[in-house]
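Here are some notes on the model, set out as numbered points for a colleague to check against the coordinates.

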Amino acid sequence: MLKDKFYDLGPEWRAFDSDQRDKRGRTGAPMTFTIHDKGLSTIIDWRNKDVHGRDISPTNRAQIYRLRKWQRRIRVSDAAERNLAFAMAELDRISSHLSLPRSIREQAAITYRRAVEENLIRGRSIESVTAACLYGACRIRGVPRTLDEVAEHARVDKKEIGRSYRFITKELNLKINPTNPIDYMPRFASELGLSTGVQKRAVEILEAAIKLGLTSGRGPMGVAAAALYISSIEKGERRTQREVSEVAKVTEVTVRNRYKELQEKLGLNVDV
DNA sequence: AAGACGAAAGTGGTTGA
DNA sequence: TCAACAACTTTCGTCTT
């Protein structure tokens, strides 16, 4: 019954690439929901007096009671709806900034609705919960974005999103696997303009590394970056450590450490 | 001149008493 | 709640291409 009432609150333009998006993005949320009824609501007050201050007859009184009851109901469902609409708008806004596919956004919406149903929002900001749902949705769908990336476009800081995320996943029993470095591969490779051959090789390296347990306890992005770095050299499409570290959002030092490790333990000789 | 290297000190988050 | 800890970062001087 609630869902009939949602409007498309997304941006009114479509962006075809991120440059465009950056230029055209105007402001935060597409619309404010602070005034849900546009000031048109009528309030039935609690006194049993009419406009002239006279007592209302008992017959009319029964009717007034019924009206009051509805007013109460409408008010609470309106508030809930308003919050949901706001959350959906926020979800839309962040995911469009992150160029996330619709399916992920929907996954996030599902999670969010569940969170609402289970009363998990109380005490947490809607913004932090939506961001947390989105972050989780990315991981569930195997298209990881870092917490930093999500936080960058959310209106709350990383710490709070993380807290909400942990809470939500625990309370809803969401089974989310630890991030797999392989999931980052397509994105990193394409951001670096590397061929699918390089990407495939990097995945092979990662698979071998996972078998040897070289990935556990390590930041997945660092490992992914290192594998891609090695593979880019092997395939003659070399990228510098700096370039690789940039897209993976880690430092060169980390790329170095990881790749030295991979090289040594996997018996790869990359040099020359 | 740019890239790669590695040592050393600093940071934030997890873990275990 | 606090301290220890590992991974990662920052910074910086040096070596290699």
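Which residue forms a salt bridge with Lys 249?

1. In this predicted model, the partner of Lys 249 is Glu 149, with the closest N and O atoms 3.1 Å apart. The pair links distant parts of the chain, since Lys 249 sits in the loop between α10 (241–248) and α11 (252–266) and Glu 149 in helix α5, 100 residues apart. Lys 249 counts as partly exposed at 48% relative accessibility, whereas Glu 149 is buried at 9%.

2. Lys 249 is also among the residues that surround DNA strand C, a group including Arg 218, Thr 251 and Arg 258. Of the strand atoms within 4 Å of the protein, 82% belong to sugar or phosphate and the rest to bases. A phosphate oxygen of the strand is 3.3 Å from a side-chain N or O atom of Arg 218 and one is 3.0 Å from such an atom of Thr 251, while for Arg 258 the distance from a polar side-chain atom to a phosphate oxygen is 2.2 Å.

3. A second salt bridge joins Arg 155 to Glu 90, with the closest N and O atoms 2.9 Å apart; Arg 155 lies in the loop between α5 (147–153) and α6 (158–171), and Glu 90 in helix α2 (residues 58–97), 65 residues apart. Glu 90 is buried, with a relative accessible area of 1%, and Arg 155 is partly exposed at 41%.

4. Helix α9 (residues 220–234) has 13 of its 15 residues buried, so the helix is largely enclosed by the rest of the structure. Just after α9, Gly 236 takes a positive phi of about 70°.

Methods:
Residues are numbered from 1 along each chain as its sequence is written. Chains are lettered from A and ligands numbered from 1 in the order in which they are written. This is a predicted model: local features need pLDDT of at least 70, side-chain atom pairs count only at pLDDT 80 or more; totals for chains, interfaces and linings use all residues. Side-chain values use heavy atoms; hydrogens and water are left out. Buried means under 20% relative accessible area, exposed over 50%, partly exposed in between (1.4 Å probe, protein chains only). Helices (H or I, at least four residues) and strands (E, at least two) are DSSP runs, numbered from the N terminus. A residue is near a molecule or strand if one of its heavy atoms lies within 4 Å of it. A polar contact is a pair of N or O atoms within 3.5 Å; within protein, one must be able to donate a hydrogen and the other to accept it, and residues adjacent in sequence count only if both atoms are side-chain atoms. A salt bridge is a side-chain nitrogen of Lys or Arg within 4 Å of a carboxyl oxygen of Asp or Glu.
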